[in-house]
Amino acid sequence: MRAALEGVLRGACEVGALGSSDDGARFCAGRGRRRWTGPTFALTPDGAVRTAEEDGCIHVFPVSAPLELPGDLVCDRRDGDVW
């Protein structure tokens with residue numbers, strides 16, 4: 001399942017990011033994801049809103065965009081848990 005998702009990311013995104021538990025962090029590292037160490041935000045109709053409760057729990061999958069750790073990381077808004 002994860003390999004299929006990574007294929008979609010490679011074809012459509014510059015960076016993939018997901019929230020993970022501490023237990024899931026080992027799995028993420030094994031798949032080449034890196035823990036994001038900077039502040040996180042969600043893009044909303046009112047602009048970027050801080051998601052501090054997610055800091056340290058987000059793992060990124062670099063595809064083509066250079067990553068600037070520990071810069072700001074902003075995700076698109078969606079229903080439910082944004083990360």
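Biologist: Let's start with charges: which side chain meets that of Arg50 in a salt bridge?
Modeller: In this predicted model, the structure holds one salt bridge. Side chains of opposite charge can pair when their charged atoms come close. Here the N to O distance is 2.7 Å, and the partner of Arg50 is Asp55.

Biologist: How exposed are Arg50 and Asp55, in relative accessible area?
Modeller: A residue counts as partly exposed when its relative accessible area lies between 20% and 50%. Arg50 falls in that range because its value is 37%. Asp55 is partly exposed too, with a value of 27%. In short, Arg50 has 37% and Asp55 has 27%.

Biologist: Let's step back to the whole chain. In what order do the helices and strands of the protein run?
Modeller: The protein has two helices and six strands. Reading from the N terminus on, the elements run α-β-α-β-β-β-β-β.

Biologist: What radius of gyration does the protein have?
Modeller: Its C-alpha atoms fill a box of roughly 35 × 25 × 25 Å along the principal axes. For 83 residues the globule rule gives 12 Å, and the protein comes close to that, so it is as compact as a globular protein of that length. The radius of gyration is 12 Å.

Biologist: What share of the 83 residues is buried?
Modeller: Buried here means a relative accessible area under 20%. On the outside, the protein exposes about 5300 Å², with carbon and sulfur atoms supplying 52% of that area. The buried share of the residues is 30%.

Biologist: Now the sheets. Which strands stand at the edges of the open sheet with the order S4-S3-S6?
Modeller: This sheet has three strands and mixed pairing. Two of them have a single partner strand each, so one side of each is left without a neighbour in the sheet. Those edge strands are S4 (47-50) and S6 (73-75).

Biologist: Which residue of S6 is the bridge partner of Thr40?
Modeller: Thr40 belongs to strand S3, which covers residues 40-44. S3 and S6 pair in the parallel sense over three bridges. The partner of Thr40 in S6 is Leu73.

Biologist: Which strands stand at the edges of the other open sheet, S1-S5-S2?
Modeller: The pairing in this three-stranded sheet is antiparallel. Five bridges link S1 to S5, and two bridges join S2 to S5, residues 58-62. Each edge strand has a single partner, so one of its sides lacks a neighbour in the sheet; the edges are S1 (15-19) and S2 (34-35).

Biologist: Which residue in S5 stands opposite Leu18, and which stands opposite Arg35?
Modeller: Leu18 is part of S1 and sits on its covered face. In S5, the residue opposite Leu18 is His59. For Arg35, the residue opposite in S5 is again His59.

Biologist: Which residues of S1 make up its uncovered face?
Modeller: In a regular strand the side chains alternate between the two faces of the sheet. The covered face of S1 holds Gly16 and Leu18. Its uncovered face holds Val15, Ala17 and Gly19.

Biologist: One last one: how many Å apart in space are Phe27 and Phe61, C-alpha to C-alpha?
Modeller: Phe27 has its place in helix H2, residues 22-30, and is partly exposed, with a relative accessible area of 42%. In sequence, Phe27 and Phe61 are 34 residues apart. In space, their C-alpha separation is 12 Å.

Notes:
Residues numbered from 1 in each chain as written. Predicted model: local features only at pLDDT ≥ 70, side-chain atom pairs only at ≥ 80, totals over all residues. Heavy atoms only, no water. Pairing = 2+ DSSP bridges. Helix = DSSP H or I, 4+ residues; strand = E, 2+ residues; numbered from the N terminus. Rg over C-alpha atoms; globule rule 2.2 N^0.38 Å. Buried < 20%, exposed > 50% of the residue type's maximum accessible area, 1.4 Å probe, protein only. Areas by Shrake-Rupley, 256 points an atom, 1.4 Å probe, with all protein chains shown as cover. Salt bridge = Lys/Arg side-chain N within 4 Å of Asp/Glu carboxyl O.
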